[in-house]
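Good morning, everyone, and thank you for making the time. Please have a look at the sequence and the model on the screen, and then I will walk you through a few parts of the fold.

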Amino acid sequence: MEPSEVYDAAVVGAGPIGLELAVALKRAGLRYIHFEARQIGHTISWFAPFTQFFSSNERIAIAGVPLFTPNQAKATREEYLAYLRAIVRQFDLSIHTYERVISIDRHAGYFELTTQPSAGPVRSWRARAVILSTGGTDRPRRLNVPGENLPHVSHYFQDPHTYFGRRLLIVGGKNSAVEAALRCHHAGAKVCLSYRGQCLPENSIKYWLMPEISGLINSGRIEAFFQTIPREILPGRVILTRGSEPLEVPADFVLLLIGYEQDPSLFEQAGVQLVGESRAPFFNPETMETNVPGLFVAGTASAGTQKKFAVFIENCHVHVERILAALTGRKPHPPAVEFEEPET
């Protein structure tokens, strides 16, 4: 602990935009400290093996470093995580991984951050500015029904091989649920789908997934229970309700893919105003500075909890440029490419 040392900036979060910020701060000659509660690219790390990005490689490349894949296709989870590791090595970034920021206190002329490493006592750090790039998918949404915490139930889709030859009920009807249903079906699982809507929301599902999932449902190879809500999860079965009518569905495994939400505790603790249904942090779009002077937000953290995703990696690169300009009055090199609209 070095409480007398004051850094120019502290970055919290080491996803793609957090790493891009670190490179920009280092290039600008600013002294910064960087924290990540888990490992770099944590959100991407819990994608299922070989999940492919929806965005083109040029749109998720960071720090002016091209992202190439062997087959010129969109990057997979594995390829992108390797790319992020290479960025850290290429620019010799120093990141305090597995060190969670537990509080941010504002004093005259600086912020004091208290952190909890994975081993050892809490530590204290000082910085003139703080940039929160903590993402918007910190924890899964919950159904809050009996049995949700049983060992055969998960809010994260990981390896399709797990479900080979078994009965799998997937709850949800957006992209993550549809992609999991397709991959698990092709891996040899007996897949059922429970969704609260009358049908799958075609305008919310990637155009290349919709024809295949529709064909499998129409042929009965994937059974869909529309207008249903899980009421109770039991070993080997799930009780759904359609209106007042109970419906029992056999299931060896249950995937609850109903979305994820932001943990706003750091914003709240630091005094950042949260606005709207998404509880997004208030900020000046020209500088990314919040209502707390000297405290900035970057990346998907700026959107709070998104019900329909409009803020992605690809349209957050400009946040780096705006924050660096606010801190130094200089533009970063190379300047970020601002895409007119998200490709996805």
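**A hairpin, two sheets and three helices**

Let me begin with a small detail, which is that in the hairpin made by strand 4 and strand 5, where 2 residues lie between the strands, Gly 109 takes a positive phi near 90°. I should say at once that this is a predicted model, so please keep that in mind throughout. The two strands of this hairpin, strand 4 with residues 99-107 and strand 5 with residues 110-117, pair in the antiparallel sense over 8 bridges. If you would like one pair to find on the screen, look for Val 101, which stands opposite Thr 115 in strand 5.

Now let us step back to the whole chain. The protein has 8 helices and 19 strands, and its C-alpha trace spans about 65 × 45 × 35 Å along the principal axes. How does the radius of gyration sit with a compact globule of 344 residues? Such a globule would have a value near 20 Å, and the protein has 22 Å, which agrees.

Let us turn to the sheets, beginning with an open sheet of 5 strands, which has parallel pairing and the order 8-15-9-10-11. Strand 8 (153-154) and strand 11 (223-226) stand at its edges, and because each has a single partner strand, one side of each is left without a neighbour in the sheet. Further in, strand 9 (residues 167-171) and strand 15 (residues 253-256) pair in the parallel sense over 4 bridges, and there Ile 170 stands opposite Leu 255 in strand 15. Helix 5, which covers residues 175-186, lies across strand 9 and strand 10 (190-195), and runs at about 165° to strand 10.

Another open sheet has 3 strands in the order 12-13-14, with antiparallel pairing. Strand 12 (229-234) and strand 14 (245-250) are the edge strands here, each with a single partner strand, so one side of each has no neighbour in the sheet. On average, neighbouring strands of this sheet are turned by 25° against each other, direction ignored. Strand 12 and strand 13 (residues 237-242) pair in the antiparallel sense over 5 bridges, and Ile 233 has Val 238 in strand 13 as its bridge partner.

Finally, I would like to look at helix 1 and two of the helices it packs with. Helix 1 (residues 16-27) packs with helix 4 (residues 77-90) at an angle of about 20°, and their axes are 11 Å apart. That angle makes helix 1 roughly parallel to helix 4, and the crossing of the two is left-handed. Which residues of helix 1 and helix 4 meet? From helix 1 they are Pro 16, Leu 19 and Val 23, and from helix 4 they are Tyr 80, Leu 84, Ile 87 and Val 88. By class, this contact has 7 nonpolar residues, with no polar and no charged ones.

Helix 1 also packs with helix 8 (residues 317-328), at an angle of about 35° and with the axes 10 Å apart, and this crossing is right-handed. Here Ile 17, Glu 20, Leu 21, Ala 24 and Leu 25 in helix 1 meet His 317, Val 320, Ile 323, Leu 324 and Leu 327 in helix 8. The residues of this contact divide into 8 nonpolar, 1 polar and 1 charged.

Notes:
Residues numbered from 1 in each chain as written. Predicted model: local features only at pLDDT ≥ 70, side-chain atom pairs only at ≥ 80, totals over all residues. Heavy atoms only, no water. Axes fitted to C-alpha atoms, helices over the stretch in contact; angles between N-to-C directions. Parallel < 35°, antiparallel > 145°, perpendicular 65-115°, else oblique. Left-handed = near helix turned anticlockwise from the far one by under 90°. Contact = heavy atoms within 4.5 Å. Nonpolar A, V, L, I, M, F, W, Y, C, P; charged D, E, K, R; others polar. Pairing = 2+ DSSP bridges. Rg over C-alpha atoms; globule rule 2.2 N^0.38 Å.
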